[in-house]
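Trainee: Could you take one part of this structure and walk me through it closely? I would like to see how the pieces around it fit into the picture.

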Amino acid sequence: MSHDDHTMPPSTLALRIKAIETLMVEKGKIDPGAVTEIVDIFQNKLGPRIGAGVVARAWSDPAFKARLLENGTEALKEMGVSGLQGEAMVVLENTPEVHNVIVCTLCSCYPWTVLGLAPIWYKSAPYRSRIVIEPRSVLSEFGLSIAGDREVRVYDSNAEIRYMVLPERPAGTEGWSEEKLAGLVTRDSMIGTGVPLAASAI
Amino acid sequence: MRSIADMGGMQGFGPVNLADNDTRFKAEWEAKTFAVNILSLAAGCFNIDESRYSMERMPPLDYLATSYYEHWLHSLEDLLISKGVFTQEEYRARIAELAHKGDGHAA
């Protein structure tokens with residue numbers, strides 16, 4: 001509440017949201033049960049396994065990869081992945097010359113539909129403030145050393161455009177099935193703060 | 001004036017805390033705040049730009065001293081009341097009623 005609101009008694013966070021929820025249900029703005037359903041979708045149904053499937057398919061199917069990089073929003077629909085609020089998805093391809101990493105400096109915009117909910121550090125002040133001015137230092141804190149002659153590109157997400165990184169396919173995975181490849185794709189490799197597991201990892 | 005939420009390039013926040021790697025809601029109130037926000041957007045009570053702008057207008061010291069989902073809760077209170085979805089009086093009365101019933105302590 002605002003600072004001038006001295007008459008509001010101190011209330012627990014749980015009471016405040018319970019009050020809002022019950023009022024919204026009474027006013028017909030929210031269906032009873034919808035809150036539980038939304039929490040279940042975000043906490044249990046969405047997650048980085050979806051993004052890993054997209055990456056594995058892009059590694060296996062050059063035509064799909066071309067469509068994914070050309071128009072991420074449309075290509076993801078082929079895999080049954082759509083924006084929640086109509087936001088566009090842009091997929092950024094890592095190459096030997098370029099390493100991409102995503103952030104939302106203003107708040108917490110994140111590609112929910114392919115990665116699920118964001119980790120706490122992604123929403124934290126240190127990550128949001130520093131990744132845009134000293135990306136190599138921040139990436140090194142994640143254990144990622146980017147060669148000096150390799151460009152680092154930082155993409156600042158917003159409400160209309162969400163980004164995800166298409167990491168490089170690990171060496172030694174020729175002939176692997178999409179399912180096996182997906183097992184190498186970590187959440188952080190799709191944020192750009194990590195790389196996929198090595199072929200020897202599984 | 002630059003909003004406190006406009007953090008890109010700010011100095012002095014220190015290293016990223018990699019141990020904060022969890023994506024799950026830490027308490028029921030966080031999950032409810034998230035869901036009620038999504039559902040309010042879907043119901044057209046406000047749009048996503050208004051939601052973000054509401055958080056960006058938080059007093060800077062409050063913004064820094066409160067957690068991520070508290071920012072969302074702030075914007076829900078701000079927007080639903082200012083747009084007349086319910087009144088400040090209704091909201092206060094409901095909180096008092098729930099507190100009287102002993103609700104809200106578990107989460």
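**A close look at one helix and its surroundings**

Mentor: Happy to! Let's begin with a single residue: B:Ala65 counts as exposed because it has 10 C-beta neighbours inside 10 Å, and the cut-off for exposed is 12 or fewer. Keep in mind that this is a predicted model. B:Ala65 sits in helix H3 of chain B. Its C-alpha atom is separated by 21 Å from that of B:Arg24, which is 41 residues away along the chain.

Now move on to helix H4 of chain B, which runs over residues 68-82. H4(B) has 15 residues and reaches 22 Å from its first C-alpha to its last, close to the 21 Å expected. Many names appear on its buried list, among them B:Tyr69, B:Trp72, B:Leu73, B:Leu76 and B:Leu80. The list also includes B:His71, B:Glu77 and B:Asp78.

What lies over these buried residues? The cover includes helices H1 (28-42), H2 (48-56) and H3 (60-65) of chain B, together with helix H1 (13-26) of chain A. After H4(B) comes B:Gly84, whose phi is positive, near 80 degrees.

That helix from chain A leads us to the contact between the chains, which takes 56 residues from chain B and 52 residues from chain A. On the side of chain B that touches chain A, H1, H2, H4 and helix H5 (88-100) each supply at least two residues. H1(B) gives the most, with 12 residues. By class, this side of chain B has 32 nonpolar, 14 charged and 10 polar residues.

Conventions:
Residues are numbered from 1 along each chain as its sequence is written. Chains are lettered from A and ligands numbered from 1 in the order in which they are written. This is a predicted model: local features need pLDDT of at least 70, side-chain atom pairs count only at pLDDT 80 or more; totals for chains, interfaces and linings use all residues. Helices (H or I, at least four residues) and strands (E, at least two) are DSSP runs, numbered from the N terminus. The expected span of a helix is 1.5 Å times one less than its number of residues. A residue is buried if 20 or more other C-beta atoms lie within 10 Å of its own, exposed if 12 or fewer, and partly exposed in between; C-beta atoms are placed from the backbone. Two residues are in contact if their C-beta atoms, placed from the backbone, lie within 7 Å. Ala, Val, Leu, Ile, Met, Phe, Trp, Tyr, Cys and Pro count as nonpolar, Asp, Glu, Lys and Arg as charged, and the others, Gly among them, as polar.
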